[in-house]
Amino acid sequence: MIRFEQVSVTYDGASGPAVAGVDLTVPEGELCLVVGPSGTGKSTLLGAVSGLVPHFTGGVLTGRVTVAGHDTRTHRPRELAHVVGTVGQDPLAHFVTDTVEDELAYGMESIGLAPDVMRRRVEETLDLLGLADLRDRPIGTLSGGQQQRVAIGSVLTVHPRVLVLDEPTSALDPAAAEEVLAVLQRLVHDLGTTVLMAEHRLERVVQYADQVVLLPGGGAAPVSGPPAEVMAL
Ligand code: ADP
Ligand code: ADP
C-alpha cells in the first residue's frame, strides 16, 4: 500500500539529507510505527507519504514514494486526499468548523459526495469513534482525547486507504492517549486501514504495530522489521 524506493529528502540550504536511503514497504491493513530521536526525519518520512514533502516544504525528494500506486511527487496533496488522510500532533490546528458533526462533514465537502452519502458517513464515523453523544458540542469544549478523535474522524469520512499520524498522542495525557490508540487499533482491525504513525510513547503502541521503522539519524539509512526485532537493536 505504501512503498518507498531509495528515497532521500534534502531541504533547501541543509548541509545533508533529512532522510536518506529509505526502502520500505507497508502492506495493506498494517500498522507501521516510525520511531527515532527528535530531528531524525520522522515528520519528513510521513510528509513524503501525504505529499506535503516536497510540495509544501520545498527541498528535493529523490527516489520514489507510491501510495496505492500513486506517485506522491507527481500527485498534488489535494489529489491524494482521497487516498491519504493526515493527522498531526495538535488537533486544534486541524479544525475549521465549530461542532463535532460539522467537522466530520467538512472533510468530505471537496470530494463531491451526495448529501445522503455524507450524512451516512458522518453517522458511521460518530459511532466508530464513540463520538455520537458529542455531535453538537463545540470542539473547544472537548477533552484533548476527544478532540484528537474528532480530528481522526474528519479525515476518515473520506474513507482514505492510508492514515498518516504524526505523534497523535504527544499533546495528550496518558488516559487520552490510550483512547486514541484504541481507536487506531480498531481502524486497522475492523476497516483494514493502513496506518503509518510516528510516536514516541513506544511502550504503549509497539504492541499494536506490525512493523517498526527506526530512524537512527546522522544520515544513516533506517532499519525496519517486526517490532521485537527492531526494538532489540
Ligand atoms: P523529526 O520528525 O524526527 O523530529 P523532521 O523530519 O522534522 O524530524 O526533521 C528532520 C530534519 O530536517 C531536521 O534537521 C529538521 O530541522 C529539518 N527540517 C524539517 N522540516 C524542514 C523544512 N520544512 N525545511 C528545512 N528543514 C527542515
Ligand atoms: P458510502 O459511500 O455509502 O459511505 P462506501 O461504499 O464508501 O459507502 O463504504 C461503505 C463501507 O465502508 C461500509 O461498510 C463501512 O463500514 C466502510 N467504512 C467505513 N469507514 C471506512 C473507512 N475509513 N475506510 C474504509 N471503509 C470504511
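User: What makes the pair between an oxygen atom of ligand 1 and the side chain of Lys42 a polar contact?

Analyst: The oxygen atom is 2.9 Å from an N or O atom in the side chain of Lys42. A polar contact is a pair of N or O atoms within 3.5 Å, so this pair qualifies. The model is predicted: local features need pLDDT of at least 70, side-chain atom pairs need 80 or more, and totals for chains, interfaces and linings use all residues. Residues are numbered from 1 along each chain as written, chains are lettered from A and ligands numbered from 1 in written order, and side-chain values use heavy atoms, without hydrogens or water.

User: Which distances are given for Gly41 and Thr44?

Analyst: A polar backbone atom of Gly41 is 3.0 Å from an oxygen atom of ligand 1. For an N or O atom in the side chain of Thr44, the distance to a ligand oxygen is 2.5 Å. The protein covers 57% of the 560 Å² of accessible area (Shrake-Rupley, 1.4 Å probe) that ligand 1 has on its own.

User: Why is Ala68 called partly exposed?

Analyst: Its relative accessible area is 28%. Buried means under 20% and exposed over 50%, with a 1.4 Å probe and protein chains only, so Ala68 falls in between. Ala68 has a positive phi of about 50° although it is not a glycine.

User: What makes His159 buried, partly exposed or exposed?

Analyst: At 39% relative accessible area, His159 is partly exposed. Its phi is also positive, about 60°, and it is not a glycine.

User: How do you know that the Val53 to Pro54 peptide bond is cis or trans?

Analyst: Omega is near 0°, and the bond is cis.

Terms used. Polar contact = N/O pair within 3.5 Å; in protein donor to acceptor, adjacent residues only side chain to side chain.
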